[in-house]
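Hello,

Here is the structure for your set. My notes follow below it.

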Amino acid sequence: MKEKLAIVMLLTLFSIRASAQSEKLYQTDKVSDKYAYVDVMKTYERVAAKGYKSVDLFQKLGNSSYAKCNLDKAAKWYRELFALTTDLEPEYYYRYAESLRSISLYQEADDLIAKLKTKVPVKKKA
């Protein structure tokens, strides 16, 4: 009986030791410290400064600046966006108008809101 108990105890200790986490799993923490965080918005800004223009680029830059309450920058990027196209969703008209109001361009903001009111409403899918 003591032999069986001893075997069970040894197997239990061995299984606990075998299932314990090894230090190799924590190597990723050490490796990740070597990599730097890339700020995507700064990269997009550099791309735009080099002269690349696209609707998607200006939407991302404008939305990011608007979300961070940096409305003067948002107005700049939305101005570039509206220079490329005016076939945009109503939220872009509103955000651009709010950005313009924040830099005291009230007449331009009112003109945008007037354009927004004449746009056909977009039906959202359920």
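In α6, the buried residues (buried means under 20% relative accessible area, exposed over 50%, partly exposed in between, with a 1.4 Å probe and protein chains only) are Y92, Y93, Y96, A97, S99 and L100. They sit on the same side of α6 because they cover an arc of only 160° around the axis. That arc is taken over the directions from the helix axis to the C-beta atoms. An α-helix has 3.6 residues a turn, so residues three or four places apart point the same way.

This is a predicted model: local features need pLDDT of at least 70, side-chain atom pairs count only at pLDDT 80 or more, and totals for chains, interfaces and linings use all residues. Residues are numbered from 1 along each chain as its sequence is written, and side-chain values use heavy atoms, with hydrogens and water left out.

Helix α6 covers residues 90-102, 13 residues in total. Helices are DSSP runs (H or I, at least four residues), numbered from the N terminus. From first C-alpha to last, α6 reaches 19 Å, close to the expected 18 Å. The expected span is 1.5 Å times one less than the number of residues. Cover for the buried residues of α6 includes α4 (55-67), α5 (71-84) and α7 (106-118); contact here means heavy atoms within 4.5 Å.

Now the backbone. Most residues other than glycine have a negative phi. S104, just after α6, has a positive phi of about 65°. S104 lies in the loop between α6 and α7 and is partly exposed, at 47% relative accessibility. C69 also has a positive phi, near 60°. C69 is in the loop between α4 and α5 and is exposed, with a relative accessible area of 65%.

Best regards

Note on methods:
Helices (H or I, at least four residues) and strands (E, at least two) are DSSP runs, numbered from the N terminus.
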